[in-house]
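Please open the model in your viewer and keep a selection tool at hand. The tour below suggests what to select at each stop.

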Amino acid sequence: MYMTITDAAAALRTGETTSVALTEAVIAVADAHDGELGVFLARYTDTALAAAAKADAELAAGIDLGPLHGIPLGIKDIIATDEGETTAQSLVLDRSWGDMGDAPVVARLRAAGAVITGKTTTMEYAIGTPDPDKPFPIPRNPWSTEHWTGGSSSGTGGGVAAGMFLGGLGTDTGGSIRFPATNCGITGMKQTFGRVPKYGCVPLGYSFDHIGPMARSAQDCAAMLAVLAGHDPRDATSVDRPVDDYLGGLTGSLEGVRIGVDPLLTHSSQNVPELTAVLDAAVAELRAAGAVVSTVELPLYAELKTVTMVGLAAEAYAYHRPDLQSRWFDYGAGTRMAVATGALVPAGDYVQMQRVRRVGKRKVAELFADVDLIVTPTSACGAAPLAKLTFDDIIDALHTPYWNAMGNPAMSVPMGFTTDGLPLGLQIVGRPFEEAAVFAAGHAYQQRTDWHLRAPALVADLLAA
Amino acid sequence: MRVGRVRGHLEEEMHPAVAAAYEAAVAELAATGVEIVDVELPTFDLAAAAGWWIIYAEMLSLHEGHAAFIEDRDEMGASLLGAAPFVSAADYLRALRLRPLFQHEVEVALEGCTALLTPAMVALPPVIAPEMFVDVGGREVSWLEAGCRTQVPFNLTGSPALVMPSGLVDGMPVSIQLVGRPRDEASLFTLGAAYQRATTHHLRRPPVPAHA
Amino acid sequence: MPADPAVLVPALLAAADITPSPEEVAIMIAEFPGRAAALDALYAVPEARYEEPDLVYDAVL
């Protein structure tokens, strides 16, 4: 039962399966492996089965709410839901914060018939590294439990890869959707800033945060974003403009699409030797699908990565300062160190970041006059071993933060494996609000490859059952 | 039309003669047929501070490359620039997050009113001197602090604000300020024109010959 | 000559009223120059000289 949302939706309509059967299957995987993989902070088994039964009854009665109807999903535990508390995987967060109930994104998924299976692990407040001294699960990678899932949307990434739900919500401030996506061999979309409302989500960096979909395929993410996107005035950065038809543009062809490639090899000290060959093979598939490929160089790469990483720390610190003053040691070690960086940033430098951001946006827009999409590796390497995790190494490896400073839609799709068998991801970036083009490229690539359908050995037997 | 007179912080400390002139101007405005009611902006003692944090931070970003030449600026510019590094990014962001709260206070105060009324300045213009202080009634404060107290908060909220002459004290002009809803400059012009049809303060000229 | 991070970092932490462990403060001091250099590099972007900050602000609440 290792299905994409798209295939499951079709099977629900042919009578091949039911939402209750799908939900029972993912519950069985979680029963068997959640203790080892650290996917869930809370499981909502009873309400999930009830929602599944309701979906089955509705579909049987001819009420069809679309491709998410009856599909089991996981929600990162910094987003509020009706079922229970939100913890941000922290001892610090005031539990009454989540009393608001469903965030708009969750309400939209629920209205589309989705089955909410539980709340998934995160890095504390969506930043830092796992802290074994705190009473929370350590997320482990289904491809190798000695390795991390990446974060901060760790549980959603690991849970999709392990088949504990078919898709889910992550959040992305410096790469927290795309990083676990590349590490876990799944697809994750950080759409344009403002496209999806963030109300009901614990903030990290106000001007860098995104909630977005994570699932097996680009088509699955497109189906989810079609539901998630749209204005909500409770988020001041939410944009009021029509939502494109993401699924309608998935033709499988990239005929005439101009794609610029930047391998970014000089911008990380952690490139695995096989990265170039894996990236070249992925680009060859894009070309075979009709794309016109050229080489580009991202402008102000180091500067804009600084803008995201230091800027989000300053914004996070503004939110956390009172609690850092009174409860320093209640925070996990990685989280408090990453956020406290913001205490060392002068206001003038913060404003300067916002000025460089505009320069960057203009230069990137100029680049996008010559190409329709840009592709890069999502990360320079595969998942890091849990025994040797440092925040600095993680950031050094990632090519995601640049796009949080810019706000463009950026999606990671699986593009192969390291020689150690760890997944690698291809990052596909489009012009602002051109998610449809990004999905179309990811879909065309996934029509020609099956990296996104590979199952980790750990769960292969259960999933085949 | 109804105008809300902002009681509290913005008029609690004033040069006595400026305060008396302000009372007279309020009466003149009322005499044009405007109903004056008392309103509050309860936390506007913080609004000026928040406004300055933002100004300092944005100024420093612009001038960082020139900070080494700070001595070349005049005293005011140098002291403003010199103060700027002590605003942290967190202070700046805190000020930005407070901004909607102050906007909300203005919105509440304006309920049922066309505009708010404040003194344009709570003191007389300063005498030019190495150290420029002004009398705000019982104590002296920096002219910049006194001059901006009633004005910077509305830069922070982004409100339209119209300042009009309302008399002379010791031969120097004093003024009133009307503050409106965002994008409702039209009401301020309507109120201001009515006031200036009924008064002649705006027609006074300084005693300096025009073509000396 | 920029201020000594061994002086500046503890001073900024004191001003912020946050008290990490001595080991954590040592890490912050060690990491400070690298970040300061990265921030200085933002002032070296010529096009930013007269650019506006990318901040959303609206007079209408």
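What follows is a walk around chain C of this predicted model and the two chains it touches.

Begin by selecting chain C together with chain A, where 31 residues of chain C are in contact with 32 residues of chain A. About 2,800 Å² is buried between these two chains, and carbon and sulfur atoms give 64% of that area. Within chain C, pick out L42(C), E51(C) and D54(C), the residues that lose the most area to chain A and that together make up 22% of what that side buries.

Next, select E24(C) and R336(A), which form a salt bridge whose closest N and O atoms lie 2.6 Å apart. The count of salt bridges between chain C and chain A is 5, and 14 residue pairs across this interface are in polar contact, with both residues at pLDDT 80 or more. Now colour the helices α1 (5-16) and α2 (22-42) of chain C, each of which supplies at least two residues of the side that touches chain A; α2(C) gives the most, with 10 residues. By class, this side of chain C has 20 nonpolar, 2 polar and 9 charged residues.

Finally, hide chain A and show chain B, where the contact takes 8 residues from chain C and 18 residues from chain B. The area buried here is about 1,100 Å², with 56% given by carbon and sulfur atoms. How many salt bridges are found across the interface of chain C and chain B? The count is 0, while 2 residue pairs are in polar contact, both residues of each at pLDDT 80 or more. The side of chain C that touches chain B has 6 nonpolar, no polar and 2 charged residues.

Methods
Residues numbered from 1 in each chain as written. Chains lettered and ligands numbered in written order. Predicted model: local features only at pLDDT ≥ 70, side-chain atom pairs only at ≥ 80, totals over all residues. Heavy atoms only, no water. Contact = heavy atoms within 4.5 Å. Buried area = accessible area lost by both parts, 1.4 Å probe. Salt bridge = Lys/Arg side-chain N within 4 Å of Asp/Glu carboxyl O. Polar contact = N/O pair within 3.5 Å; in protein donor to acceptor, adjacent residues only side chain to side chain. Helix = DSSP H or I, 4+ residues; strand = E, 2+ residues; numbered from the N terminus. Nonpolar A, V, L, I, M, F, W, Y, C, P; charged D, E, K, R; others polar.
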